Amino acid sequence: MSAARADLSPQLRTFLHCRLRELHGGRCFYCRRNFRRRPGRRKTLDHYVPHRIWPGWNVENLVLACEGCNLAKGDVLPWPLAWLLLAVFRRENWGLTA
Ligand SMILES: [Zn+2]
């Protein structure tokens with residue numbers, strides 16, 4: 001998903017990049033490649049949960065991704081998250097029937 005969105009100011013963008021570097025290191029969240037070793041590699045902000053499901057620029061829903069991984073992922077819900085949501089959903093259902 002492209003990070004070039006109208007609602008993201010340059011200041012917020014810089015802040016998010018710094019914050020995410022602190023949290024995850026200067027690596028692509030998906031392929032774990034180091035951005036620093038490849039200065040030409042473009043670093044993008046990626047919504048872990050797709051923007052259309054969780055809009056906004058919440059740092060908890062953002063990861064740094066190289067352009068290739070970002071494009072490959074697109075708008076798809078990551079599998080680990082899909083499983084997690086499914087597990088929570090099931091647990092809630094059990095709670096209701098128990
Ligand atoms: Zn990557």
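Arg 32 is exposed, because 10 other C-beta atoms lie within 10 Å of its own, where a residue counts as exposed at 12 or fewer such atoms, as buried at 20 or more and as partly exposed in between, with C-beta atoms placed from the backbone. This is a predicted model, in which local features need pLDDT of at least 70 and side-chain atom pairs count only at pLDDT 80 or more, while totals for chains, interfaces and linings use all residues. Residues are numbered from 1 along each chain as its sequence is written.

Arg 32 lies in the loop between H1 and S1, and although Arg 32 is not a glycine, its phi is positive, at about 65 degrees. Most residues other than glycine have a negative phi. A positive phi, near 80 degrees, is also found at Gly 25, which follows H1. Helix H1 itself (residues 10-24) has 15 residues and reaches 21 Å from its first C-alpha to its last, close to the 21 Å expected at 1.5 Å a residue, the expected span being 1.5 Å times one less than the number of residues.

The chain comes to 3 helices and 2 strands, arranged along the sequence in the pattern α-β-β-α-α; helices (H or I, at least four residues) and strands (E, at least two) are DSSP runs, numbered from the N terminus. Buried residues make up 15% of the 98 residues in the chain.

Both strands are covered on their two faces, as the table sets out.

| Strand | Residues | Buried on one side | Buried on the other side |
|---|---|---|---|
| S1 | 43-47 | Lys 43, Leu 45, His 47 | Thr 44, Asp 46 |
| S2 | 62-66 | Leu 62, Leu 64, Cys 66 | Val 63, Ala 65 |

S1 is largely enclosed by the rest of the structure, because 5 of its 5 residues are buried, and S2 is likewise mostly covered, with 5 of its 5 residues buried. In a regular strand the side chains alternate between the two faces of the sheet. S1 and S2 pair in the antiparallel sense over 5 bridges, where pairing requires that DSSP finds at least two bridges between the strands, and the bridge partner of Lys 43 in S2 is Cys 66.

The largest nonpolar core has 9 residues in all, namely Leu 20, Cys 28, Phe 29, Leu 45, Leu 62, Val 63, Leu 64, Ala 65 and Cys 66; such a core is a set of buried Ala, Val, Leu, Ile, Met, Phe, Trp, Tyr and Cys residues joined through C-beta atoms within 7 Å. S2 gives the most to this core, with 5 residues. Leaving aside neighbours within four places in sequence, Leu 62 is in contact with residues including Leu 16, Leu 20, Leu 45 and Trp 57, contact meaning that the C-beta atoms of two residues, placed from the backbone, lie within 7 Å.

Leu 77 is found in the loop between helix H2 (67-73) and helix H3 (79-97), and is partly exposed, because 13 other C-beta atoms lie within 10 Å. Beyond its neighbours within four places in sequence, Leu 77 is in contact with Val 49, Pro 50 and Ala 82; Pro 50 is 27 residues from Leu 77 in sequence and 6.4 Å away in space, C-alpha to C-alpha.
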